[in-house]
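Visitor: I should be grateful for a close look at one part of this molecule. Please choose a single element and describe its setting step by step.

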Amino acid sequence: EFRLTGGGRPVGVIELGSREHLRGEVTRVRVLGAFPVVVDKSLHWNVVAVDMDDPLSQELKAMQDGALEEWAPVEEAIGRWFRDVVAKPGEVFDLLPQAGALRVIKAAHGAWNRVAA
């Protein structure tokens with residue numbers, strides 16, 4: 001459980017498909033998991049997903065607790081990117097499986113609805 005706030009930022013998405021998307025583009029995706037990142041004492045979520053229209057989508061399965069071994073290379077590559085590009089020295093990131101990622105998205109959407117109301 002995380003006890004930090006998100007600082008009012010939207011949830012980020014790392015899309016693993018074969019097509020480059022434009023910033024702000026709305027795309028239907030399959031959620032695979034999520035990585036939490038702590039930046040300046042604020043929690044930021046980065047959802048790992050694949051474009052539903054991408055051929056790769058049919059090959060990918062949800063990152064579920066019992067099947068993380070098959071995702072080890074993906075998790076390692078994304079974790080390496082966070083460590084090398086985003087993180088401060090010593091920060092560690094663990095993958096949140098699909099069910100947890102969907103809870104994060106639902107909570108963020110609820111927060112957005114409260115602000116937009």
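Guide: Two strands are said to pair if DSSP finds at least two bridges between them. By that criterion, β2 and β4 pair, in the antiparallel sense, over 2 bridges. The model under discussion is predicted, and the element I propose to examine is β3, which spans residues 42-51.

The sheet gives the setting. It is an open sheet of 4 strands with mixed pairing, in the order β1-β3-β2-β4. β1 and β4 (96-97) stand at its edges, and each has a single partner strand, so one side of each lacks a neighbour in the sheet. In the given order, β3 lies between β1 and β2.

Consider first the β1 side. Strand β1, residues 12-15, runs parallel to β3 and is joined to it by 4 bridges. Within this pairing, I14 stands opposite V48 of β3, while E15 has A49 as its bridge partner.

On the β2 side, the pairing with β3 is antiparallel and extends over 10 bridges. V39 is placed opposite S42, and V29 has D51 as its bridge partner. The two strands form a hairpin with 2 residues between them, and D40 in the turn has a positive phi of about 50 degrees. β2 is also the strand that pairs with β4, where A34 stands opposite L96.

The next matter is the covering of β3. In a regular strand, side chains alternate between the two faces of the sheet. For β3, one side carries S42, H44, N46, V48 and V50, the other carries L43, W45, V47, A49 and D51, and all of these residues are buried. The count is accordingly 10 buried residues of 10 in β3; buried here denotes under 20% relative accessible area.

Finally, β3 may be related to the nonpolar cores. The largest has 10 residues: I14, L32, F35, V37, V48, V50, L60, I78, F82 and L95. Two or more of its residues come from each of β2 (29-39), β3 and α1 (72-86), with β2 giving the largest share, 3 residues. A second, separate core has 9 residues, among them A34, W45, A49 and V104.

These assignments can be read against the two sides of β3. V48 and V50, members of the largest core, are listed on one side of the strand. W45 and A49, members of the second core, are listed on the other side. The strand pairing adds a further link: I14 and V48 both belong to the largest core, and I14 stands opposite V48 across the pairing of β1 with β3.

Methods. Residues are numbered from 1 along each chain as its sequence is written. This is a predicted model: local features need pLDDT of at least 70, side-chain atom pairs count only at pLDDT 80 or more; totals for chains, interfaces and linings use all residues. Side-chain values use heavy atoms; hydrogens and water are left out. A nonpolar core is a set of buried Ala, Val, Leu, Ile, Met, Phe, Trp, Tyr and Cys residues joined through side-chain atoms within 4.5 Å. Buried means under 20% relative accessible area, exposed over 50%, partly exposed in between (1.4 Å probe, protein chains only).
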